[in-house]
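Here are my notes on the model you sent, set out as numbered points so that each can be checked against the coordinates. I begin with the ligand and then turn to the strands and one loop residue.

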Amino acid sequence: MTEQVPIDSADLDPERLPAHVGIIMDGNGRWAHERGEPRHVGHTAGEEALFDTVEGALEAGLGYLTVWAFSTDNWKRPREEVRFLMNFNRDLLQRRAGELDERRVRVRFVGRRGRPVPRRLVQMMEDTEQRTAHHRRLTLQVAFNYGGRTELVDATRQLAAEVAAGRLRPDDIDEEAIAARLYEPDAPDVDLLLRTSGEQRLSNFQLWEAAYAELLFTDVLWPDFRRQDLFEAIAAFQGRDRRFGRVRSR
Ligand code: IPE
Ligand code: IPE
Ligand code: MG
């Protein structure tokens, strides 16, 4: 039997990296449950997974990484869990924004920022964005209070307002016009979309941006995910034949 050699970032083809990787960080609750612990223990353990993955993204030379931390539907969870997640994310930013800045990571938040997201968390998000805005090494987008349909609703409202104000004609609305009004219009499309924990669904993530994404589902629960898993996903991506409606390229 041949021993499986783990993939290293050096094994990846730097010419064919995905321009934008999206990760649905799922499975924290189950990870905690397996250990007989309450759900928040899984969220806490997810921090190391995230920072190791960011290191992996830097090592591999990725340009954009979007991770989903809280969905517009996650407000339906028990109040204690929601409160924990708000405080946890605020504290995490407070503790680790400096490190991201030192690593020259540009951090941005995608999603709705108004209520019920606590003001102090929004303040931390905006501080972190301002502090890291000049970096160009890796852009880390944290999807928070994010929903793909909500993003399209917000873009549509903007288009409608511009039409009503006479600045835009309905006939001028095309794919570019919509894409230009998404939360981060300058980000490239997601071309590798990863979900942990074995669930095989989008759950309303990056509906527009991931139109042609290669989808990859792993059984690894998010708190166990490490940069090695990211490298393996990128290697799998590099083995795929992306056609965008055309005939086979090879
Ligand atoms: C993902 O893990 C984290 C968030 C959605 C905030 P879950 O909390 O969804 O974990 P499972 O799916 O219940 O295991
Ligand atoms: C999606 O995971 C949201 C995040 C990872 C933040 P969920 O665990 O909320 O999705 P469902 O409920 O299983 O579809
Ligand atoms: Mg889940």
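1. A polar contact is taken here as a pair of N or O atoms within 3.5 Å. Please keep in mind throughout that this is a predicted model, and that every distance quoted below is computed from it.

2. With that cut-off in hand, which side chains have a polar atom close enough to an oxygen atom of ligand 1 to be listed? For R39, a polar side-chain atom lies 2.8 Å from an oxygen atom of ligand 1, and because the cut-off is 3.5 Å, this pair falls within it. For R77 the corresponding distance to a ligand oxygen is 2.7 Å, and for D26 it is 2.9 Å. Taken on its own, ligand 1 has 370 Å² of accessible area, of which the protein covers 86%.

3. The residues around ligand 1 can be named in full: M25, D26, G27, N28, G29 and R30, followed by R39, H43, A69, N74, R77 and L85. Two helices, α1 (28-34) and α2 (39-60), each supply at least two residues of this shell, and it is α1 that gives the most, with three residues. The space that ligand 1 takes up is the largest pocket.

4. Is strand β1, which spans residues 20-24, mostly covered or mostly open? It is mostly covered, since five of its five residues are buried, where buried means under 20% relative accessible area. In a regular strand the side chains alternate between the two faces of the sheet. For β1 both faces are covered, with H20, G22 and I24 buried on one side and V21 and I23 buried on the other.

5. The neighbours of β1 in the sheet deserve a look alongside that burial. Strand β2 (residues 64-71) is joined to β1 by five bridges, and the two run parallel; within this pairing, the bridge partner of H20 is Y64. Strand β5 (residues 192-195) also runs parallel to β1 and is joined to it by four bridges, with I23 standing opposite L194.

6. Finally, a loop position: A133 is found between α4 (119-132) and β4 (138-146). Why does A133 count as partly exposed? Its relative accessibility is 38%, which lies between the 20% limit for buried and the 50% limit for exposed, so A133 is classed as partly exposed. The C-alpha atom of A133 is separated by 21 Å from that of A179, a residue 46 positions away along the chain.

Methods. Residues numbered from 1 in each chain as written. Chains lettered and ligands numbered in written order. Predicted model: local features only at pLDDT ≥ 70, side-chain atom pairs only at ≥ 80, totals over all residues. Heavy atoms only, no water. Buried < 20%, exposed > 50% of the residue type's maximum accessible area, 1.4 Å probe, protein only. Pairing = 2+ DSSP bridges. Near = heavy atom within 4 Å. Polar contact = N/O pair within 3.5 Å; in protein donor to acceptor, adjacent residues only side chain to side chain. Areas by Shrake-Rupley, 256 points an atom, 1.4 Å probe, with all protein chains shown as cover. 1 Å grid on protein atoms, 1.4 Å probe; cavity = no way out; pocket = protein on both sides within 12 Å on 5 of 7 lines; lining within 4 Å. Sits in = over half its atoms within 2 Å of the grid points.
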